[in-house]
Amino acid sequence: MTRNWLASLVHGFLPLLAVAGLVVPAQAQEVRARQNIDYRLISPQPVETGERIEVIDFFWYGCPYCNELQPALEDWVRRKPADVALRRVPAILRDTWAPHARIYYTLELLGEIGRLHQKVYHGYHVEELSMSQPDVMEQWAVRNGIERRRWLDAYYSPEVDARVARAYELAKRYEVQGTPSVVVDGRYLTSSSMTPSVSGVIPVVEDLIRLARQRRGEK
């Protein structure tokens with residue numbers, strides 16, 4: 001009799017467990033980020049990633065919080081959804097940040113961002129290099145396997161000049177006030193100043209991606 005009672009009990013619980021299994025994923029998709037607390041709306045900007053949801057990392061190599069965010073951001077990049085694309089934009093909020101934007105765009109022009117992006121952070125925050133100085137960067141590039149002439153040609157190229165000039169405008173257009181800031185789909189902005197911790201930016205970004213999906217689905 002005891003066995004029959006236990007069997008009935010288990011059988012009765014199975015539907016409840018199945019329902020619970022359906023509820024959990026729905027709760028996991030809940031958007032918890034709060035407007036004007038965890039993120040804010042900006043003037044809508046066009047996205048450059050087509051059908052994929054655009055995530056822009058506005059950073060400054062000299063920013064300690066950007067450096068702190070890097071491990072969590074790189075981990076997220078490795079596991080981000082297939083319908084999401086990341087773009088990086090070096091923020092220029094004052095003229096002294098422009099040399100660091102030039103470093104980024106030089107590496108981008110040379111196809112070296114994937115290999116050396118994190119090493120720039122290391123050079124600034126760990127090695128304490130004066131990376132705003134062109135001669136320091138020239139030596140750094142050579143130490144990191146880039147031929148000197150190739151580096152100099154890119155560093156002083158019109159293409160890099162144009163990208164640096166555009167970076168000034170992008171920071172204004174996207175209403176970036178500090179770094180790190182992350183903009184999702186051209187309208188939702190969060191930053192480390194809006195989250196309880198620097199790494200807390202990532203869960204908010206994931207929520208904003210859900211918001212972007214919902215908004216795109218409503219069109």
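**Aromatic pairs and a helix crossing**

At a relative accessibility of 3%, Tyr155 counts as buried (buried is under 20% relative accessible area, exposed over 50%, and partly exposed in between, with a 1.4 Å probe and protein chains only). The model is predicted, so that local features need pLDDT of at least 70 and side-chain atom pairs count only at pLDDT 80 or more, while totals for chains, interfaces and linings use all residues. Residues are numbered from 1 along each chain as its sequence is written, and side-chain values use heavy atoms, with hydrogens and water left out.

A search of the whole structure yields 11 aromatic pairs, where rings of Phe, Tyr and Trp (its six-membered ring) pair if their centres lie within 6.5 Å, with planes under 30 degrees apart counted as stacked, over 60 as edge-to-face and the rest as tilted. Among them, Phe59 and Tyr61 are edge-to-face, at 5.1 Å centre to centre and 65° between the planes; Phe59 is buried, with a relative accessible area of 1%, and Tyr61 is buried at 1%. Tyr155 and Tyr156 also form an edge-to-face pair, at 5.0 Å and 80°, although Tyr156 is exposed at 51%. Ring pairs further join Phe59, Tyr61, Tyr104, Tyr105 and Tyr121 into a cluster.

Arg102 lies over the face of Tyr155, at 5.7 Å from the ring centre (a charge sits over a ring if NZ of Lys or CZ of Arg is within 6 Å of the ring centre and within 35 degrees of the ring normal).
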